[in-house]
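This briefing introduces a structure to a reader who has not met it before. Please view the sequence and the structure before turning to the points that follow.

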Amino acid sequence: MHPAFRLDLPRELTSSVIVASPHSGRHYPPSFLRASVLDERMIRSSEDAFIDRLVAAAPSLGAPLLTAEWPRAYLDLNRSSDELDPGVIDGVGRVVQTPRINSGLGVVPRVVANGRAIYRGKLPRAEADARIKQIWRPYHAELENLMSRAKAQFGQAVLLDFHSMPHEALDTVARPGTPRPQVVLGDRFGASAGSEIVDVLEDGFLQAGLVVSRNAPFAGAYITQRYGRPTIGFHAVQVEIDRRLYMDERTVRPNAAFEETKRIISQVLARVIGALPGRVPLAAE
């Protein structure tokens, strides 16, 4: 069985920051590709391609880096394990319908980007349960462990959950005459992280010349909701990077600006990790 995740630890843990990339996994087993109606490029359209490479400096800066191995199209780690979609999983009983399930984006996705169906029919419930047991549970157990260890050592834990966003997704927030955001920081409108932490992140990207938005169009999904509890010292911020900054979305390949984008993100990580070696006085506390 291919591992659920890869964990890269620093030689010396010096910060309360944990960096994660739950959607950049690219282990596409042949059996999965055969079961899909999509070709190998199309099935990658919902993958946060290369995000793990963009944040690879985290361990050298003193923070652990947790990255998914399996792709989002196979299992979505940024969903609750009970977000089961009866439209793609056979034998699912009554479920609470959520916008994510209704759109085909449950824990076992029915579609990739632009609503393109992944499968010809439905998967057995046993297959969905096996994916959750073998991939979802180990990943979240490790993330929970990293957060708990950081809290015990530094008095707080700060999760930076990195993602990428299709350039076209930014059309929903771009107003005429104003630049569209290149980075979106999601803290669930202050519910998942202290504002001082988000300020440090925002300042880092702004100083690099990027356009930053908070919570629009992405405020944070399951991971920020589950792990962000700032009143007791657990903070989680979802960081979305415009794919056009570093890759060709059509071919799913790094573009000419990839190394420069990686340098900027490394600088932002250094700034945040350096600023958060331990406890930050937060008004919410």
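In which sense do E4 and E7 pair, parallel or antiparallel, and over how many bridges? The two strands pair in the parallel sense, over nine bridges. The model described here is predicted.

**Strand pairing around E4**
- Within the pairing of E4 with E7, Phe162 stands opposite Val239 in E7.
- Strand E2 also runs parallel to E4, and four bridges join E2 to E4.
- Here Ala20 has Asp161 of E4 opposite.

**Burial of E4**
- Strand E4 is largely enclosed by the rest of the structure, because nine of its nine residues are buried.
- On one side of E4, the buried residues are Ala157, Leu159, Asp161, His163 and Met165.
- On the other side, Val158, Leu160, Phe162 and Ser164 are buried, and both faces of the strand are thus covered.

**The nonpolar cores**
- The largest nonpolar core has 41 residues, of which Ile18, Phe32, Leu75, Ile118, Leu143, Met147 and Leu159 touch the most other members.
- Two or more residues of this core come from each of strand E2 (17-21), strand E3 (65-68), helix H4 (125-154), strand E4 (157-165), helix H6 (222-227) and strand E7 (234-242).
- Helix H4 makes the greatest contribution to this core, giving nine residues.
- Beyond its neighbours within four places in sequence, Met147 is in contact with Ile18, Ala157, Leu159, Tyr227, Phe234 and His235.
- Another core, of 38 residues, lies apart from the largest one, and includes Phe50, Ala193, Ile265 and Val268.

How values were computed:
Residues are numbered from 1 along each chain as its sequence is written. This is a predicted model: local features need pLDDT of at least 70, side-chain atom pairs count only at pLDDT 80 or more; totals for chains, interfaces and linings use all residues. Side-chain values use heavy atoms; hydrogens and water are left out. A nonpolar core is a set of buried Ala, Val, Leu, Ile, Met, Phe, Trp, Tyr and Cys residues joined through side-chain atoms within 4.5 Å. Buried means under 20% relative accessible area, exposed over 50%, partly exposed in between (1.4 Å probe, protein chains only). Contact means heavy atoms within 4.5 Å. Two strands pair if DSSP finds at least two bridges between them.
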